[in-house]
Amino acid sequence: MTGLSVITIIILAPIIEEFFFRKIIVGHLFFRHKYIGVIVSGLLFGGVHVIAGFTLQAFIAYTVMSLLFGFVYVKTGRLETSIIAHGVNNLIALLKLI
């Protein structure tokens, strides 16, 4: 695994995904109903990862993690917290693979 892969998995993917799934979907599209937005973004997040070639079991895992990131975002009101949570999650998953 290259250094660029590690940076992408731990830093870039969390920033991009959290911006889209939390800031855009939860923060803007569902700004009056944030918890509905968390559910919608969670299902979309899980679906995107299934399209990328993962299984139904992975869909459930990605959806649950996305719901947790969404709740962190709503509770704190700060995108940085969900980005950090997402990055730490990806780091742990990466370390398990190594």
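**Close-up views of a predicted helical model**

**View 1. Helix α2 passes helix α3 in a right-handed crossing.** Welcome to the first stop in this predicted model. Helices α2 and α3 pack with their axes 8 Å apart, at an angle of about 145°. On the α2 side, look for Lys34, Tyr35, Val38, Ile39, Ser41, Gly42, Leu43, Phe45, Gly46, Gly47, His49 and Val50. Their partners in α3 are Phe59, Tyr62, Thr63, Ser66, Leu67, Gly70, Phe71 and Val74. Sorted by class, the contact of α2 with α3 has 11 nonpolar, 8 polar and 1 charged residues.

**View 2. Helix α1 meets helix α4 in a right-handed crossing.** Here α1 covers residues 3–29 and α4 covers residues 79–97. The two axes come within 8 Å and cross at roughly 140°, and α1 and α4 are therefore oblique to each other. From α1, the residues to find are Val6, Ile9, Ile10, Pro14, Ile15, Glu17, Glu18, Phe19, Arg22 and Lys23. They meet Leu79, Ser82, Ile83, His86, Gly87, Asn90, Leu91 and Leu94 in α4. This contact of α1 with α4 divides into 10 nonpolar, 4 polar and 4 charged residues.

**View 3. Helix α1 also packs with helix α3, at an angle of about 60°.** In this pairing the axes lie 11 Å apart. The angle of about 60° makes α1 oblique to α3. The crossing, in which α1 passes α3, is right-handed. Glu18, Arg22, Lys23, Val26 and Gly27 are the α1 residues to zoom in on, and they meet Ser66, Phe69, Gly70, Tyr73 and Val74 in α3. By class, the residues of the contact of α1 with α3 are 4 nonpolar, 3 polar and 3 charged. Some names will be familiar from the earlier views: Glu18, Arg22 and Lys23 appear in the contact of α1 with α4, while Ser66, Gly70 and Val74 appear in the contact of α2 with α3.

**View 4. The largest pocket holds about 560 Å³ of space.** Which residues lie nearest the centre of the largest pocket? Look for His49, Tyr62, Asn89, Asn90 and Ala93, which belong to a lining of 21 residues. Helices α1, α2 (34–51), α3 (56–76) and α4 are the elements that each give two or more residues to this lining. The largest share comes from α4, with 8 residues. Sorted by class, the lining of the largest pocket has 15 nonpolar, 4 polar and 2 charged residues. Several of the central residues also link back to the helix contacts: His49 and Tyr62 take part in the contact of α2 with α3, and Asn90 of α4 takes part in the contact with α1.

Terms used: Residues numbered from 1 in each chain as written. Predicted model: local features only at pLDDT ≥ 70, side-chain atom pairs only at ≥ 80, totals over all residues. Heavy atoms only, no water. Axes fitted to C-alpha atoms, helices over the stretch in contact; angles between N-to-C directions. Helix = DSSP H or I, 4+ residues; strand = E, 2+ residues; numbered from the N terminus. Parallel < 35°, antiparallel > 145°, perpendicular 65-115°, else oblique. Left-handed = near helix turned anticlockwise from the far one by under 90°. Contact = heavy atoms within 4.5 Å. Nonpolar A, V, L, I, M, F, W, Y, C, P; charged D, E, K, R; others polar. 1 Å grid on protein atoms, 1.4 Å probe; cavity = no way out; pocket = protein on both sides within 12 Å on 5 of 7 lines; lining within 4 Å. Points joined across faces, edges and corners; volume = space filled by probe spheres on them.
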